[in-house]
Amino acid sequence: MTITAIKGMNDILPGEIETWQYLEATARRVFGRFGFSEIRTPVVEKTDLFCRSIGETTDIVEKEMYTFEDKGKNRITLRPEGTASVMRSYIQNKLYNNDPVNKLYYLGPMFRYERPQKGRYRQFHQIGAEVVGVDSPLIDAQVMAMLDTFFREAGIDGVSLEINSLGCKECRPGYRDTLIAFLEARLDVLCEDCRRRYKTNPLRTIDCKVPGCREATADAPKILDHLCRGCDDHFSRTQSLLQGLEVPFTVNARMVRGLDYYTRTTFEMVTDRLGSQNAVAAGGRYDGLVEELGGPASPGIGFAMGLERLVLMRGDDKVAPSRLPLFIAAMGEAATDKAFTLATDLQRNGIEAEIDYFGKSLKAQMRRANKLEARFVLILGEDELASGEAELKDMDQSAQEKVRFEKLTELLKEKTA
Ligand code: ATP
Ligand code: MG
């Protein structure tokens with residue numbers, strides 16, 4: 001029996017990886033321009049970190065975490081998301097001493113034990129960004145403008161930005177109580193999950209996907225009608241800043257996000273192209289999180305995008321692998337040795353080149369050169385070795401020209417520039 005990968009965990013193969021690398025490079029470029037630096041944290045953390053930050057009654061902590069005991073009997077978890085780890089690192093490394101504003105981004109695999117389906121996997125990849133230290137709506141608007149810029153530069157359309165406010169520790173408890181009372185009167189029509197958690201996490205019922213729950217909560221009290229003065233001002237100002245930047249958005253009062261740490265502004269980049277996996281990116285403010293994790297009170301805001309969903313959004317618009325500049329075909333042992341030296345020399349000098357390793361016929365070598373879509377082919381035999389020059393075939397224009405071996409690098413650099 002051959003061994004296969006674990007269910008819900010995928011290989012990313014040559015031919016697919018180019019699109020990934022393109023999206024990653026686009027994020028690095030855009031985020032860099034907005035002042036963000038990369039941070040890399042471990043893939044495993046102490047389980048407590050996620051329980052304390054994400055919240056005990058959330059889907060992630062209740063049922064999606066890969067939690068193990070290691071050989072030292074420590075409870076550890078494969079990270080299900082990035083924010084908790086970045087905040088842990090921010091506190092542990094006292095990043096707040098560097099500058100009052102920390103703009104950080106990360107990129108890497110996350111793990112959740114979910115039912116695998118299109119756009120939903122057990123190992124998936126996120127690119128995320130966090131700003132710690134600023135409570136001004138300027139940052140809310142800037143982070144969303146950056147997200148908007150990323151989608152434009154990545155060539156992904158068919159997405160739209162939705163925003164909401166979840167209030168703060170001043171106004172949310174009042175809203176929660178109002179909502180619980182509302183739900184209490186409709187318990188019989190709620191799904192089992194919502195009946196179980198309507199008191200511990202009532203906001204989750206608002207974005208429950210079960211049709212009965214959607215219907216029952218259609219006219220549920222809205223958080224936006226219960227915001228305190230501070231949260232209301234923050235939300236209005238965020239909206240007018242976005243309008244000023246001409247970042248298109250809509251307010252979605254039903255968007256509650258699944259994690260406990262969110263406060264005030266929350267947002268999602270949504271699409272109708274990926275079935276029920278409709279969020280491509282999601283985030284929000286988490287003003288109490290750093291303090292909750294034992295750090296100095298520092299407001300924060302961030303988002304994460306799912307790379308698999310971004311790749312799906314590009315559909316058949318795959319980024320093509322870069323083309324092979326040169327294949328050196330050789331006939332006979334001496335010519336093969338020369339092809340090998342020439343190819344290595346080119347590789348050392350910045351040009352990709354491929355040769356034959358099997359002593360195949362010229363015809364077979366040309367077939368492979370064609371399959372690799374080589375732009376140029378150089379053919380070496382005894383005559384070429386003797387004269388120190390060979391024909392460089394331009395495969396696109398069926399033209400050829402003689403080139404001396406010592407001029408090969410220079411000529412190819414010119415032709416493939
Ligand atoms: P969903 O509602 O689809 O479960 P979520 O609210 O759990 O999403 P977040 O925790 O906010 O998602 O993660 C941010 C982004 O990461 C999502 O918008 C999505 O693009 C991606 N993502 C989350 N879970 C998965 C998964 N299991 N597989 C692939 N991508 C995922
Ligand atoms: Mg989820």
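**Notebook: domains, sheets and the ligand 1 site**

I began with the domain assignment of the protein chain, which gives domain 1 (17–171 + 227–314) and domain 2 (326–415); such bounds come from an automatic or database assignment. I then looked up the separation of the two domains: the C-alpha centres of domain 1 and domain 2 lie 49 Å apart.

I note that this is a predicted model, in which local features need pLDDT of at least 70 and side-chain atom pairs count only at pLDDT 80 or more, while totals for chains, interfaces and linings use all residues. Residues are numbered from 1 along each chain as its sequence is written, chains are lettered from A and ligands numbered from 1 in the order in which they are written, and side-chain values use heavy atoms, with hydrogens and water left out.

**Entry: ligand 1**

I looked up the shell around ligand 1 (a residue is near if one of its heavy atoms lies within 4 Å). There are 15 residues around the ligand, and R112, E114, R120, Y121 and R257 come nearest. By class, I recorded seven nonpolar, three polar and five charged residues; Ala, Val, Leu, Ile, Met, Phe, Trp, Tyr, Cys and Pro count as nonpolar, Asp, Glu, Lys and Arg as charged, and the others, Gly among them, as polar.

Next I examined polar contacts (pairs of N or O atoms within 3.5 Å). The side chain of R112 places an N or O atom 2.7 Å from an oxygen atom of ligand 1. For E114, a polar side-chain atom lies 2.6 Å from a nitrogen atom of the ligand. The side chain of Q126 has an N or O atom 3.0 Å from a ligand oxygen atom.

I also checked the burial of ligand 1: taken alone it exposes 590 Å², of which the protein buries 89%. These accessible areas come from the Shrake-Rupley method with a 1.4 Å probe.

The elements that give two or more residues to the shell are β6 (123–132), β10 (279–285) and β11 (300–306). Strands here are DSSP runs of E with at least two residues, numbered from the N terminus. The largest share, four residues, comes from β10.

**Entry: the eight-stranded sheet**

I traced an open sheet of eight strands in the order β1-β5-β6-β11-β10-β9-β7-β8, with mixed pairing; two strands pair if DSSP finds at least two bridges between them. Its edge strands, each pairing on one side only, are β1 (37–38) and β8 (250–251). Strand β5 (residues 102–111) pairs with β6 in the antiparallel sense over ten bridges. Within this pair, L107 has I127 in β6 as its bridge partner.

**Entry: the five-stranded sheet**

I found a further open sheet with mixed pairing, in which five strands take the order β13-β12-β14-β15-β16. β13 (353–355) and β16 (399–404) are the edge strands. The twist averages 25 degrees from one strand to the next, with axes fitted as lines to C-alpha atoms and angles running from 0 to 180 degrees between N-to-C directions.

Strands β12 (residues 326–330) and β14 (residues 376–380) run parallel and are joined by five bridges; I328 stands opposite L378 in β14. Strand β15 (residues 389–394) pairs with β16 in the antiparallel sense over six bridges, and A390 has V403 in β16 as its bridge partner. I closed with the hairpin of β15 and β16, which has four residues between the strands; in its turn, S398 has a positive phi of about 40 degrees.

Methods:
Polar contact = N/O pair within 3.5 Å; in protein donor to acceptor, adjacent residues only side chain to side chain.
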